[in-house]
Amino acid sequence: MDKFIIDGGVPLSGEIEVQTAKNAALPIIAACILTEDPVIIENCPRLRDIDAMLDIMRHLGCSAEFVGNDLHVCCRNISLNVINSDLTGKLRSSIFILGSILSRCRRAYISHPGGCEIGLRPIDLHISGLKSLAVGIADEYGVICCDGSKMRGGVINLDFASVGATENLMMAGALLDGDTVIVNAAREPEIVDLADFINAMGGKVVGAGESVIRVTGVKRLHGCSYRPIPDRICAATFFAAVAATGGEIAVKNVVPEHVFGITERLKKMGVKLYIGHGGTVRVVAEGRPRPLHKLETNVYPAFPTDAQPQFCAVLSRATGSSIVVENLFENRFGYTAELSKMGAAITVKDRVAVVRGVPVLHGAVLGALDLRGGAALVIAALSAEGRSVITGVEHIDRGYEYIERTLASVGAKIRRVDHT
């Protein structure tokens, strides 16, 4: 496995372009199953999570290959193979496959999904939603067996505005008879992107981005070429890197309204932001950031849980104390023990962290345990005095395309070496 070696204390300067959103590309790849025709996903990021999803697609008989930066997928031939735990254990988003396979084939068999160990993230909402569409579901020794032979459109009331469940149920309804109505749907930009993709294939999805989504089933979907949205969490990570280290960078390929909840907090921390034309945000930071009275995560459009660790890393060097409240995942603060090795003063109680800013963090040997927590360690190491070594880089590679190259391009002293 690889590791990062980072010599901190260097302000950033230059331009960064944000990659395509991982959390948009994954359900779009799954939705390719809805058509027999070839699909091109433009500028698809090359990530460990994308590779894991493509392994599942190929296991089902689909072809998937990169041609330059574009991913070419064809699901003409689908085999109803059991998607075993060797495949699903690498990727939480493997659950997306259920909705698309059921919509097209009316049967599916999948082991319980895996992913980062940041909380329980039960799939109950996915299962209950599919049952509302008349899917028969049995759990046989860890394999979810789904019988969709009697599937039809229906009304689904989600107890929680789950992104994954909303996306899965949108795909499930795409080829059914009648309308599928999702009440209390998630409103994230990735939901809108999936709806746009299904509609680009000839589907009928309305209301995406609002609390009620209606999917009118069609008989057939066709292929298309589609470019997913930029990654708002990557943008937030780069914003946080500048806030922590100081300097000035231009972050290109940003949709400003997608990151509004993030940029507003940055402004309160004393970071200057200039939104330009064409999706470029110039970020300027000088000195230590100001603390935040409360940083609280919640579903979109509130502050995203996937940016919480990165901002906690920034606040560890703030000029005062901040309170961080995590409302979505019960184990998301695991990375704070690693920050403490650097001299950070963070006290965690259940889902609340009190972050007392310190003037200086010091380099240390650190281990990334999950994707966003790993990104937080990179940010902290960039701002610290001395050298840091970060292992567990494979977690970071799940969501960032060669993050070390991107950061090095704006002056960061970071390199990847073989950990073996």
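Student: What lies 3.2 Å from a polar atom of the side chain of serine 388?

Tutor: The backbone nitrogen of alanine 364 lies at that distance, and the pair is called a polar contact because its 3.2 Å is within the 3.5 Å allowed for two N or O atoms, one able to donate a hydrogen and the other to accept it (neighbours in sequence count only through side-chain atoms on both sides). This is a predicted model, in which local features need pLDDT of at least 70 and side-chain atom pairs pLDDT 80 or more, while totals for chains, interfaces and linings use all residues. Residues are numbered from 1 along each chain, and side-chain values use heavy atoms, without hydrogens and water.

Student: Why is serine 388 called buried?

Tutor: Its relative accessibility is 0%, and buried means under 20% (exposed is over 50%, partly exposed in between, with a 1.4 Å probe and protein chains only), so serine 388 counts as buried.

Student: Which residues does serine 388 touch, leaving aside those up to four places away in sequence?

Tutor: Serine 388, found in strand S22 (residues 387-391), touches Phe4, Ile5, Ile6, Met342, Gly363, Ala364 and Ala381, where contact means heavy atoms within 4.5 Å.

Student: What makes strands S2 and S14 a pair?

Tutor: Strands are DSSP runs of E with at least two residues, numbered from the N terminus. Two of them pair if DSSP finds at least two bridges; S2 (residues 12-17) and S14 (residues 247-252) have six, in the parallel sense, and therefore pair. Glycine 14 has isoleucine 249 of S14 as its bridge partner.

Student: In which sense do S14 and S16 pair?

Tutor: S14 and S16 (residues 281-285) pair in the antiparallel sense over five bridges, and isoleucine 249 has valine 283 of S16 as its bridge partner.

Technical notes. Helix = DSSP H or I, 4+ residues; strand = E, 2+ residues; numbered from the N terminus.
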